[in-house]
Amino acid sequence: MLVREFVAQNNVGQIKHVIQILSQEFALSQHPHSRKGGLIGLAACSIALGKDSGLYLKELIEPVLTCFNDADSRLRYYACEALYNIVKVARGSVLPHFNVLFNGLSKLAADPDPNVKSGSELLDRLLKDIVTESSKFDLVAFVPLLRERIYSNNQYARQFIISWILVLECVPDINLLDYLPEILDGLFQILGDNSKEIRKMCETVLVEFLKEIKKNPSSVKFAEMANILVIHCQATDDLIQLTAMTWMREFIQLAGRVMLPYSSGILTAVLPCLSYDDRKKSIKEVANVCNQTLMKLIMPEDDGDITRQITLHQLDGTADESHSSYKDSSDRLIQDNGSKAPWHRIDRSQETLDLDGIVLVLDRHLHDTVTGMMTRIAVLKWLYHLYIKTPRKMFRHTDSLFPMLLKTLSDESDEVILKDLEVLAEIASSPAGQTEGQDSYESTQSTQSELHIPISSSTPLNSSRPRTLECSPSTPTMNSYFFKFMINLLKQFNSEKRLLEIRGAFIIRQLCLLLNAENIFHSMAEILLREEDLKFASTMVQTLNSILLTSTELFQLRNQLKDLRTTESCNLFCCLYRSWCHNPVATVSLCFLTQNYKHAYDLIQKFGDLEVTIDFLIEVDKLVQLIECPIFTYLRLQLLDVENNPYLIKALYGLLMLLPQSKAFQLLSQRLQCVPNPELMRTTPREKPATSNRQVPSEIDYSELLQHFETVQNKHLEIKHQRAGCDELLERKLPL
């Protein structure tokens, strides 16, 4: 009654005096009953003030909020009840004091007393109704408090925070999306709560935000939230990781090239997920989409200065279609869902590709021994894609990547090796590697001790061409890294005998598909020509010879060698021959392939001077098996022309004489028994027998080749005797 009289008299001083007495002498008293009376009095005072209570809210609210911290739960309940009455009367007038009210309520939400908690929930609902109805809510002032409180670890406090975010998100006049970067990290923290109810509430909030982002992508601060998502995409909690990965997928699709500066972080989070098993299938699928979408954002323009490229095109009056596609991909952010935001709002300086960071991440995953197979495949796909789209920049990293790419050839997975070979083949053939790799190649040459680039004065190839790029004029020229690749590949085969045995043929065959087969065989033959490890050279020649004679990938090269109609094919034959001399049987098979039957016969005559071992006889056995294969159909048909191919028959008989009584001996003997009598095959008057009906270029010096064969075999014999002598000394335990 007293307060109403003062209101009627408009006596502000007396009203404040009454409120002060209720506050200081009662609500803040040391006696519990006085505090209780003070709280009731303040609530009654607010009711008496009616619509004028808004003028005295600061004086009314502060003592009540102080009682929220009272040790007596009953007093906390009365404080909550008093504040409810004050807010109910004041309604929208309490919004300027919203932060202090929210701060007090957030504490009561975690109160251990159920009655206090129940009272705070009533007050909370009232306050939410007021905020929903009002258009004067100060979101800017509230966000710092929300950002602070969102990191609370108390379940009830988290539930309170989430409920308020849901309410604010539903208010049309409040655009919480602008402040999402401030609270997104906290939301993902809450998503990992132990309470299923809280996790579900938080998941709902994040779903609503994501819907809003899809509707209004032009107003979203993608860049400010990218690193937050990267962190939570690596979470150990499956729900957090799946949700963050889903957001990342949408961000990449909506923001496009705006996400490029964060590519290294995104790949750090995404790549390991690609090797997840079926227990995390959902995460794996979303991560795969992120990976593919991010890869598509990289364009040829990222290989240089975009501004400079555009200027050059303007100067010469041409249009760059790839630049148009680049612009279109960035325009998606603006054009989606009918957004009318102008293009100039996008700052392209923020769309720079973090290539160094990406390469660092990819290299780290390749080096990591625990990296899963699918992740390694994805890493190699990325490297291949980068070498295609940004070759100039990528070749700056080639020297650091090259050793690991070579080591990856020893991987257990065929798929990984195939992708690795694609990357290495692109490095070896890309025009961008011609200048970038030259200096590094030359420095590599000086450090090679096991394998040396051959320099043979007798080789009939054009010696004026750079040795690093030497190949037949009929084949494409490789870049500076090609020969480096061949050298290091053979070096790796030498150091890892099991790799050569199990995967050697597979690797070389695939390289013949990816690169030029003639270049590969030509370069390997030149390198092996000066190989100091003769045993390895013999084994490697045996492997290459088997591939040459049996692989479908080498069909064109076999045809080129079979006829020797051109100077280039003759040069290739001579180059191969000199290295094939490390393996006598392989040399004979090369002569059979090239229809050099007389030379094959001459070689077999030399076999009598060689040490015939079990391995040697096994190779002869394999050659006999090959003669019966479709590869040598033309050779078997030439047996019908006895008069023109006498040395073919002599060579085959020579092989027969080398063989012991075995299945191979019987097979070849039966074949030779089918050779017809020349008298029966003659259809014209007797003529002088010819050795061949082919026109072979005259630059092949067969006597010099035969001499080279003898020299190489003498080296093998000398090395073998040296090893035998060492073994004998060791057995006698004598000093060397």
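Helices are DSSP runs of H or I with at least four residues, and they are numbered from the N terminus. A pocket is an open set of points on a 1 Å grid over the protein atoms alone, where a 1.4 Å probe fits, with protein on both sides within 12 Å along at least five of seven lines; lining residues have an atom within 4 Å of a point.

This is a predicted model: local features need pLDDT of at least 70, side-chain atom pairs count only at pLDDT 80 or more, and totals for chains, interfaces and linings use all residues. Residues are numbered from 1 along each chain as its sequence is written, and side-chain values use heavy atoms, with hydrogens and water left out.

**Largest pocket**

The largest pocket holds about 720 Å³ of space, a volume being the space filled by probe spheres set on grid points joined across faces, edges and corners. Its lining has 22 residues; Ser-538, Thr-613, Asp-615, Glu-619 and Lys-720 are the closest to its centre. Three helices give two or more residues each: α28 (534-550), α33 (614-627) and α38 (702-732). The largest share, six residues, is that of α38. By type, the lining has seven nonpolar, eight polar and seven charged residues. Here Ala, Val, Leu, Ile, Met, Phe, Trp, Tyr, Cys and Pro count as nonpolar, Asp, Glu, Lys and Arg as charged, and the others, Gly among them, as polar.

**Nonpolar core**

A nonpolar core joins buried Ala, Val, Leu, Ile, Met, Phe, Trp, Tyr and Cys residues through side-chain atoms within 4.5 Å. Buried means under 20% relative accessible area, exposed over 50%, partly exposed in between (1.4 Å probe, protein chains only). The largest core has 230 residues, and Leu-187 and Phe-592 have the most contacts inside it. Helix α13 (238-255) gives the most to this core, 10 residues. Contact means heavy atoms within 4.5 Å. Beyond four places in sequence, the contacts of Phe-592 include Tyr-597, Leu-623, Phe-632 and Leu-655.

**Helix α8**

In α8 (139-149), Leu-139, Phe-142, Val-143, Leu-145 and Leu-146 are buried. They pack against α6, α9 (155-170) and α10 (180-191). At the start of α8, a side-chain oxygen of Asp-138 comes to within 3.4 Å of the backbone nitrogen of Val-140.

**Positive phi**

Most residues other than glycine have a negative phi. Two exceptions follow.

| Residue | Phi | Loop | Relative accessibility |
|---|---|---|---|
| Arg-91 | about 50° | between α5 (73-90) and α6 (98-108) | 30%, partly exposed |
| Leu-564 | about 50° | between α29 (555-563) and α30 (567-580) | 0%, buried |

Note on methods. A polar contact is a pair of N or O atoms within 3.5 Å; within protein, one must be able to donate a hydrogen and the other to accept it, and residues adjacent in sequence count only if both atoms are side-chain atoms.
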